[in-house]
Amino acid sequence: MTIRIVEQTFEPWSLLADYERFELAENIGKYGAAAVFVGSMRDFNLGDGVIGMTLHHYPGMTEKQLAAILVDANSRWALLDTLVIHRVGEVQPGDTLVLVAAWAEHRGDAFDASRYIMEALKSRAPFWKRETLAAGQSRWVEKNSDGYKV
Amino acid sequence: MTIRIVEQTFEPWSLLADYERFELAENIGKYGAAAVFVGSMRDFNLGDGVIGMTLHHYPGMTEKQLAAILVDANSRWALLDTLVIHRVGEVQPGDTLVLVAAWAEHRGDAFDASRYIMEALKSRAPFWKRETLAAGQSRWVEKNSDGYKV
Amino acid sequence: MSIKVLYFASLQDRVGRQADEFVWDGPISAGALWRRLNPDLAWPDNMLIAINMDYASSDAALNDGDEVAFFPPVTGG
Amino acid sequence: MSIKVLYFASLQDRVGRQADEFVWDGPISAGALWRRLNPDLAWPDNMLIAINMDYASSDAALNDGDEVAFFPPVTGG
C-alpha cells in the first residue's frame, strides 16, 4: 500500500514497471490481475482551451484521506497491493495527474478496487484544480464529473 | 484500435509507454483517462502448484473475435483508442498473458470499456490454457472464472 | 461440397485429430457434421461451434468451402 | 482554547486569508467558528469542513488544539 504526492512530471508506465520490480518481487506468480487507471491533463474543459493548471492540496489531510481510501479498498476486496500517485503543483496538458493501481489474484477484485479507489479519491481526497485558459484568465474547477456518465 | 497475438514474453508497461508515444502522440491532451488491465500467469490454480502453461489459440478466429469485441466497445463508449495484446505459446509463472487498454476523454468510458473488453475476451476469444502442474502432469483449464466474484 | 473441419484444445485430444476434410452432397448442419465425423463420441458438454470464424449453433447449415471448428469453452485472458 | 484554522482553494480567495489562529473560551462548533471569523460572508454553498484532517459536520464541537479547515468540493484526480 503506497501513496505518493509528487511535484514533478512522472511517467506512469515506467513507474509501474519499477514498482512491480522492486515492491512486488515477492508476489510474482501470486497476482493474476493488475487494474490500473491513469488520469492525464486534457487541453480543454467545459468548452474552453486550457493551457496549464495548478493542482493544490491540503498537505497531511490528502495523505490521510488517501490512506483511508486504500484501507477501505483492502477491506472490501482481496488485494495483494495498491498504489496511488497524485501530482501537485504546476502541470501542463498531457501530464499525468493521477495513477491508481490494484493487484489481486483475481480480476474482479482488481477491477472493482481500482475504480472504487479512483471514485473515492475524486470525492474525498483534498485536491483542487485551478485552470489557466487559452484566453488568458484562470479559474477554479468547481466540481468533478461523477465518473459514470460521459 | 490495435490487436496483437504475441509468442514472446512482453513487458506490458514499457509497451504501453511506447504505444502512447508512437500511436497516441496526436491525442496527447485529448485523453484524460486510460484504464488498463494486465493479466499474469499465477503459480497456482484450483489448489495445485503450476509450473508452466501452454496458451493455444485459433489463428484467424482469435483476431476476428477480438476485433469484433473492440468494435463493440467503441460503439458503446466514447473511446479514443483501444489495445489488446495476448500471449500464446509456452508461458512461465509471472509472465504477462493479456494486456487490455482503453483511452477516453472521461474516466467512466475508459473504466467501463476496459472491463467489458476483458470480460468479452474471456468469454468469446478462442484461447485455451493447458497447465503443467508441479506434480508433473498437465491438464486443460476447463473454464474461466466469471470475473465478478472472488 | 467440401468443408474444412478443425478441432481445438481438449476436443482435439478427444477426437484424436486436428482437422478433417469433409466432402458431401446435399444439405448438412454443423451438428450433423460432427455426428457424422465422430459417430462413436457422445456430444461434448458445452461444445462451441464456429463457422468461418464466427460462432454458430449446431443447426446452422453449411455451405461449400466453409471452415467449421469444434472446441471447448475458451479459457484465455 | 486555541484553534488553528485553514482555508483552501476558492475559499481562500473568498476569505482573503490562508489561515487564522482563533483563541476562545467555552464550547464552539465548527460552523459557529466560521461565522465568527467571517461575519460578512454568506455560508458558502457545498463548503466542506475538516477537523484534524477528517471530514466533519458544521455542528461538530471543537477542542483545544484542533486544526479546522474550510474548503470547496474537491476536484482532484
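# Chains, helices and a shared sheet

Of the three pairs of chains in contact in this predicted model, chains A and B share the most contacts.

Me: Happy to start with the chains. How far apart are the nearest C-alpha atoms of chain B and chain D, and of chain C and chain D?
Reply: Neither of these two pairs touches. For chain B and chain D, the nearest C-alpha atoms are 10 Å apart. For chain C and chain D, the value is 29 Å.

Me: What rotation superposes chain B on chain A?
Reply: The superposition has an RMSD of 0.0 Å and involves 0.0 Å of shift along the rotation axis. That is the relation of a two-fold axis. The same surface serves both copies, as 100% of the contact residues of chain B recur in chain A. The rotation you are after is 180 degrees.

Me: Good to know. Are α1(A) and α1(B) roughly parallel or roughly antiparallel to each other?
Reply: Each of these helices covers residues 12-23 of its chain, and their axes lie 8 Å apart. They pack at an angle of about 175 degrees. Angles over 145 degrees count as roughly antiparallel, so α1(A) and α1(B) are roughly antiparallel.

Me: Which residues make that contact, and how do they divide into nonpolar, polar and charged?
Reply: From α1(A) come A:Trp13, A:Leu16, A:Ala17 and A:Glu20, and from α1(B) come B:Trp13, B:Leu16, B:Ala17 and B:Glu20. The residues of this contact divide into six nonpolar, no polar and two charged.

Me: Now for α3(A) and α3(B): how far apart are their axes, and how do the residues of their contact divide?
Reply: Helix α3 of chain A spans residues 107-124, and it packs against α3(B) at about 175 degrees with the axes 12 Å apart. That makes α3(A) roughly antiparallel to α3(B). Among the residues in the contact are A:Phe111, A:Arg115 and A:Met118 of α3(A), and B:Phe111, B:Arg115 and B:Met118 of α3(B). The contact divides into four nonpolar, four polar and ten charged residues.

Me: Is B:Ser114 buried or exposed?
Reply: B:Ser114 is found in helix α3 of chain B. Leaving aside neighbours within four places in sequence, B:Ser114 is in contact with A:Phe111, B:Ala35, B:Val100 and B:Ala102. Its relative accessibility is 2%, and the cut-off for buried is under 20%. B:Ser114 is therefore buried.

Me: Let's turn to the sheet. Which are the edge strands of the open sheet of eight strands?
Reply: The order is β1(A)-β5(A)-β7(A)-β2(A)-β2(B)-β7(B)-β5(B)-β1(B), with mixed pairing. An edge strand pairs on one side only, and that holds for β1 (2-6) of chain A and β1 (2-6) of chain B. Neighbouring strands are turned by 10 degrees against each other on average, direction ignored. The edge strands are β1 of chain A and β1 of chain B.

Me: In what sense do β2 and β7 of chain A pair, and over how many bridges?
Reply: Strand β2 of chain A holds residues 33-40 and strand β7 of chain A holds residues 96-104. As one example of who faces whom, A:Ala33 stands opposite A:Ala104 in β7(A). The two strands pair in the antiparallel sense over eight bridges.

Me: Which strands does helix α2 of chain A touch, and which strands does α1(B) lie across?
Reply: Helix α2 (residues 61-76) of chain A packs on the sheet, and its direction makes about 150 degrees with that of β1(A). Helix α1(B) runs at about 35 degrees to β7(B). The strands touched by α2 of chain A are β1 and β5 of chain A, while α1(B) lies across β2 of chain A together with β1, β2, β5 and β7 of chain B.

Me: Where is B:Arg87, and is this residue buried or exposed?
Reply: B:Arg87 is found in strand β5 of chain B. Apart from neighbours within four places in sequence, its contacts include B:Glu7, B:Leu55, B:Asp95 and B:Phe127. With 3% relative accessibility, B:Arg87 counts as buried.

Me: Last one: how accessible is C:Met1?
Reply: C:Met1 sits in the segment before β1 (2-7) of chain C. Not counting residues up to four places away in sequence, C:Met1 touches several residues, including C:Phe22, C:Trp24, C:Ile28 and C:Leu62. C:Met1 is partly exposed, with a relative accessible area of 22%.

Technical notes
Residues are numbered from 1 along each chain as its sequence is written. Chains are lettered from A and ligands numbered from 1 in the order in which they are written. This is a predicted model: local features need pLDDT of at least 70, side-chain atom pairs count only at pLDDT 80 or more; totals for chains, interfaces and linings use all residues. Side-chain values use heavy atoms; hydrogens and water are left out. Copies are superposed by least squares on the C-alpha atoms of residues with pLDDT of at least 70 in both. Contact means heavy atoms within 4.5 Å. Helices (H or I, at least four residues) and strands (E, at least two) are DSSP runs, numbered from the N terminus. Buried means under 20% relative accessible area, exposed over 50%, partly exposed in between (1.4 Å probe, protein chains only). Axes are lines fitted to C-alpha atoms, for helices over the stretch in contact, and angles run from 0 to 180 degrees between N-to-C directions. Angles under 35 degrees count as roughly parallel, over 145 as roughly antiparallel, 65 to 115 as roughly perpendicular and the rest as oblique. Ala, Val, Leu, Ile, Met, Phe, Trp, Tyr, Cys and Pro count as nonpolar, Asp, Glu, Lys and Arg as charged, and the others, Gly among them, as polar. Two strands pair if DSSP finds at least two bridges between them.
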